[in-house]
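Trainee: I should like to understand how helices pack against one another. May we work through an example together?

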Amino acid sequence: MKLTDRVYVVTGAGGGIGRGATRALLEDGARGVTMVDLAAPSEAASEIDPGGERTLALSADVTSGDDARSVVAETVERFGRLDGLVNCAGVVFLDTAWDASASDWNRQLEVNVTGSFVFARAVGGHLREHGGGAVVNVSSNCGKAGYPNMAAYNASKAAVLGLTRSLSMEWATDAINVNAVCPGGVDTQMLVGVADWLSPRLGVPADDLLGQMGPAQLGRRIEPVEVGRVIAFLLSDEALIIRGQSISIDGGDTPY
């Protein structure tokens, strides 16, 4: 139980990797997890923690500094402490680079990059004053390899890698460890949405496309809680020698 008695904030916790990360943190002994999403993820919290003793579901816009500071305050008020953050909130809008709208481009960078920075700074400010902790940013193999029809998403996830390196170097003296994970082929609604978008354009049924989206070496899609278990390790003291890294956890699809 690597995270016994610790408390974390997870953004984008209403589904997908954020929901899986919450489950993994609680499995590893966390006292509490504040689950954050644009709409309070109460249903996800009830499913993971039926008694409601170890989760707090809050609504927040990750790009808002006021919302981020409010989440920190409510977390500390509820659980009495805060030990770290999982930046998982993200959006994707597929289109060709020729046709992508400025609003879609801006929204992906705002949520995926600015939102990660805003929450990291809010939580990091608390950690700085209370002896340190850890932050894990959820990037993507898209940030390393890139994929067609996802220029803004690819760019935003690559930016998260740079943000991770910078925060790691700057915050080391405050005993805050910062790393990132780069998942791919994870069984989420976002992946379903990608398959649905590609289906009419490729003339292939969405279910068939989805069936091809798991890592080849693994032979299946990755479960969100499996990503969450890697995140839980990176939040633990056992990972203190891993610093500023962006770790591929996509079943071998990205070889660096």
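Trainee: Is the crossing of α4 and α5 left-handed or right-handed?

Mentor: This is a predicted model, in which local features need pLDDT of at least 70, side-chain atom pairs count only at pLDDT 80 or more, and totals for chains, interfaces and linings use all residues. Residues are numbered from 1 along each chain as its sequence is written, and side-chain values use heavy atoms, without hydrogens and water. A crossing is left-handed if the near helix is turned anticlockwise from the far one by less than a right angle, and right-handed if clockwise. By that rule, the crossing of α4 and α5 is right-handed.

Trainee: How are α4 and α5 oriented to each other?

Mentor: The axes, lines fitted to C-alpha atoms over the stretch in contact, give angles from 0 to 180 degrees between N-to-C directions. Those of α4 (residues 102–129) and α5 (residues 151–171) come within 8 Å and cross at roughly 20°. Angles under 35 degrees count as roughly parallel, over 145 as roughly antiparallel, 65 to 115 as roughly perpendicular and the rest as oblique. The two helices, α4 and α5, are therefore roughly parallel.

Trainee: Which term describes α3 relative to α4?

Mentor: Helix α3 (residues 65–79) packs against α4 at an angle of about 40°, with the axes 9 Å apart. That angle makes α3, relative to α4, oblique.

Trainee: Which residues of α4 does α3 meet?

Mentor: Contact means heavy atoms within 4.5 Å. From α3, the participants are Gly 65, Ala 68, Arg 69, Val 71, Val 72 and Val 76. In α4 they meet Val 118, Phe 119, Ala 122, Val 123 and His 126.

Conventions
Helix = DSSP H or I, 4+ residues; strand = E, 2+ residues; numbered from the N terminus.
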